[in-house]
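Student: Could you take me through the ligand site in this one, slowly and in some detail? I'd like to see what surrounds the ligand and how the pieces fit together.

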Amino acid sequence: MVDSHWSPADIPGLEGRTALITGANSGIGFRTAQVLAERGARVLLAGRRPDSLADAARRLRAEVPGARLETVELDLASLASIREAAAPLAAAGTLDLLINNAGVMSVPERRLTRDGLELTVGTNHLGHFALTAYLMPALRRSAAARVVTVSAVAAAWRSGDLTDLMSERGYRPMSAYAKSKRANVVFTRELARRLAGGPHRAVVVHPGSAVTNLQRHTSTSRTGRLFVALASRTLMGSPDGAAWPSLYAATHPEAVNGAYLGPAGRDQTSGTPRPVRLPAGADDPGVGARLWRESERLTGVTFPVPQT
Ligand SMILES: NC(=O)c1ccc[n+]([C@@H]2O[C@H](COP(=O)([O-])OP(=O)(O)OC[C@H]3O[C@@H](n4cnc5c(N)ncnc54)[C@H](OP(=O)(O)O)[C@@H]3O)[C@@H](O)[C@H]2O)c1
């Protein structure tokens, strides 16, 4: 069942709820933060650049007077930074909504995180894997927490195959992105299996497409960048619309544990979110268990969720 007339205006009051959003200083994360703050949630804006986070908080306060905002310095390309950012909440806080939103795309050459992991998968999947693991004690203190992870239609691309997760056998920028986004879906399905029967949910979304800073690496030449900018502006949606799937997943009763949601519009960039088709193999428990083991091995982080 899908509520086909839903819009963010239908989100009920979120007073008393705490949400943490990664990549909240920009694009879809910023718009997600804005709506959750408007509904009364306490919003923790997480990102790697303190000045940009402070600027985002200033802009949000101008849009939402009285917004309850805090900033959290978090670099998903550093396991030490992730552990440090999560520590205060994990020790004594309660987290109702974790929105794993941050991401990089089209990184031109194979780069590594501080811990030696391929940067795109390291940031988009492994960073969020570790963050979710570290925040599990705070999520467990909530009566009904949700972990929402932002994937992309690229999750379904054939090049998103999860063998060679670190692109050691060859690096292609958009293959690394597709792998990271497939991993977001497989991670959520496996987390949902591990949360099944309890009060907490894991939901994965794709936002359609929107003009944001994500496209900044898409072309390295000036002409190429101009072409991408023009094409983006005519073919792609806005960050406001692209935030709808995350907002629906975070707040709607019909966003069930394990759901994969995307925009309903035929253009795939707008409209009320609805369940979308999983990438091939993404629902295979064997694939989920393998990714989980590999993610624990690569990060050295053991996930404290018992398999039921
Ligand atoms: N826009 C689209 O068309 C589209 C389509 C499909 C999926 N998505 C997904 O939507 C999500 C949001 O992207 P967006 O379009 O809003 O792009 P964006 O405007 O570039 O936002 C990405 C955010 O991720 C943050 N980030 C990148 N690396 C990080 C790191 N190491 N540590 C912490 N934060 C980091 C960025 O911070 P800085 O500002 O410091 O770089 C920024 O806040 C991504 O997961 C993306 O894959 C977007």
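Tutor: Here's a walk around the ligand, starting with its neighbours and ending with the helices. Keep in mind that we're looking at a predicted model.

Let's begin with the shell. There are 31 residues around the ligand, and the ones that come nearest are N25, S26, R48, Y177 and T212. Sorted by class, that shell splits into 13 nonpolar, 13 polar and 5 charged residues.

Now for some polar contacts. Y177, one of the nearest residues, has an N or O atom in its side chain sitting 2.6 Å from an oxygen atom of the ligand. R49 also uses its side chain: a polar atom there lies 2.8 Å from a ligand oxygen. With I28 it's the backbone that takes part, as one of its polar backbone atoms is 2.8 Å from an oxygen atom of the ligand. And how much of the ligand does the protein cover? On its own the ligand has 900 Å² of accessible area, and the protein covers 97% of that.

Which elements give two or more residues to the shell? Those are α1, spanning 27–38, and α5, spanning 173–195.

Stay with α1 for a moment, since it has a helix partner to look at. Its axis and that of helix α2 (residues 50–63) come within 10 Å and cross at roughly 40°. Angles under 35 degrees would count as roughly parallel, and 65 to 115 as roughly perpendicular, so α1 and α2 are oblique to each other. As for the hand of it, α1 passes α2 in a right-handed crossing.

Technical notes:
Residues are numbered from 1 along each chain as its sequence is written. This is a predicted model: local features need pLDDT of at least 70, side-chain atom pairs count only at pLDDT 80 or more; totals for chains, interfaces and linings use all residues. Side-chain values use heavy atoms; hydrogens and water are left out. A residue is near a molecule or strand if one of its heavy atoms lies within 4 Å of it. A polar contact is a pair of N or O atoms within 3.5 Å; within protein, one must be able to donate a hydrogen and the other to accept it, and residues adjacent in sequence count only if both atoms are side-chain atoms. Accessible areas come from the Shrake-Rupley method with a 1.4 Å probe; for residues, only the protein chains shown count as cover. Helices (H or I, at least four residues) and strands (E, at least two) are DSSP runs, numbered from the N terminus. Ala, Val, Leu, Ile, Met, Phe, Trp, Tyr, Cys and Pro count as nonpolar, Asp, Glu, Lys and Arg as charged, and the others, Gly among them, as polar. Axes are lines fitted to C-alpha atoms, for helices over the stretch in contact, and angles run from 0 to 180 degrees between N-to-C directions. Angles under 35 degrees count as roughly parallel, over 145 as roughly antiparallel, 65 to 115 as roughly perpendicular and the rest as oblique. A crossing is left-handed if the near helix is turned anticlockwise from the far one by less than a right angle, and right-handed if clockwise.
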